[in-house]
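Visitor: I should like a close look at a single part of this structure, namely the pocket and the strands around it. Please describe what lines that part and how the neighbouring elements are arranged.

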Amino acid sequence: NAGTEADVYISVYGERGDTGSRQLLRSQKSKKFLKGQTDIFAVEAVHLGCLYKIVIGHNGLGSGNGWFLDKVVIKDPLTDLDYTFLCYRWLDQGQDDGNIARELPVTHASMLPGRQELELKREKSWAAEKWKFRKGITLQFYNRVTHGFICLYPDSRVDALGDKKNKYGKVFSMWMCA
């Protein structure tokens, strides 16, 4: 149920103006906006220069109008540039935050490989570290100020003073990326 039968609209914004709201009518596919399908539309407009955002949404009408949108890629035929707008969210009154329209900023192509690499590193780190967050595990962190261990217990207690003689404590470095 990730597709939609509702009427979908898009507005494209660039350095020279915007297209206004345009209904996406004719896909190269016989049925448009189906789950797992990539639809291709031709939208005629004056050249907008470098694109920086889109607003995409639907009218919320029809059965099964909720829609999960992965991304929108706009190909500029004059410059042969691709502009990517990532979404990965629901446009559905009954899902996510209830919005049926989204404003999406452009994702620069140079950022995509870096983001993919970061996401891969996060997945690998989580796979290696998730054991620490299982039920019943006590987490201990070495406090360099007090030279003791801060303990986070499974029952939500926190020993912030730290036991300097904790026989189970180990000193390790922890790096966090945001």
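Guide: What follows is a description of the pocket, then of the strands that contribute to it, and then of a few individual residues. The model is predicted, and the description should be read with that in mind.

The largest pocket has a volume of about 1200 Å³. Of the 36 residues in its lining, D39, F41, V72, V73 and I74 are the closest to the centre. Sorted by class, this lining comprises 23 nonpolar, 6 polar and 7 charged residues. Three strands, β1 (8–14), β4 (51–58) and β5 (67–76), each contribute at least two residues to the lining. The most comes from β5, which supplies 10 residues.

Strand β5 is a suitable place to begin. It runs antiparallel to β6, and 9 bridges join the two strands. Within this pairing, D76 of β5 stands opposite L81 of β6. The two strands form a hairpin with 4 residues between them. D80 belongs to the loop between β5 and β6 (81–91). The phi of D80 is positive, at about 65°, although D80 is not a glycine. Is D80 buried or exposed? Its relative accessibility is 53%, and the cut-off for exposed is over 50%, so D80 counts as exposed.

Strand β6 itself holds a second residue of this kind. Y88 lies in β6, and its phi is near 50°, again a positive value in a residue other than glycine. With a relative accessibility of 47%, Y88 counts as partly exposed, because that class covers values between 20% and 50%.

Strand β1, another contributor to the pocket lining, is mostly covered, with 5 of its 7 residues buried. Its pairing with β4 is antiparallel and consists of 7 bridges. One opposed pair here is Y13 of β1 and K53 of β4. Both β1 and β4 are thus named among the strands that line the pocket, and they are joined to each other by bridges.

Two short pairings of β1 remain to be described. Strand β2 (residues 17–18) is antiparallel to β1 and is joined to it by 2 bridges. G14 of β1 stands opposite G17 of β2, and these strands form a hairpin with 2 residues between them. Strand β3 (residues 22–23) is likewise antiparallel to β1, with 2 bridges between them. In that pairing, Y9 of β1 stands opposite Q23 of β3.

The cysteines may be considered next. How many disulfides does the model contain? The count comes to 0. C50 is partly exposed, with a relative accessible area of 43%, whereas C87 is buried, at 11%.

A last point concerns strand β10 (residues 158–163), where L161 is found. L161 is exposed, with a relative accessible area of 73%. L161 and N143 are 18 residues apart in sequence, and their C-alpha atoms are 9.1 Å apart in space.

To return to the pocket, its lining is recorded by class as 23 nonpolar, 6 polar and 7 charged residues, and β5 gives the most to it.

Key. Residues numbered from 1 in each chain as written. Predicted model: local features only at pLDDT ≥ 70, side-chain atom pairs only at ≥ 80, totals over all residues. Heavy atoms only, no water. 1 Å grid on protein atoms, 1.4 Å probe; cavity = no way out; pocket = protein on both sides within 12 Å on 5 of 7 lines; lining within 4 Å. Points joined across faces, edges and corners; volume = space filled by probe spheres on them. Nonpolar A, V, L, I, M, F, W, Y, C, P; charged D, E, K, R; others polar. Buried < 20%, exposed > 50% of the residue type's maximum accessible area, 1.4 Å probe, protein only. Disulfide = S-S within 2.5 Å. Pairing = 2+ DSSP bridges.
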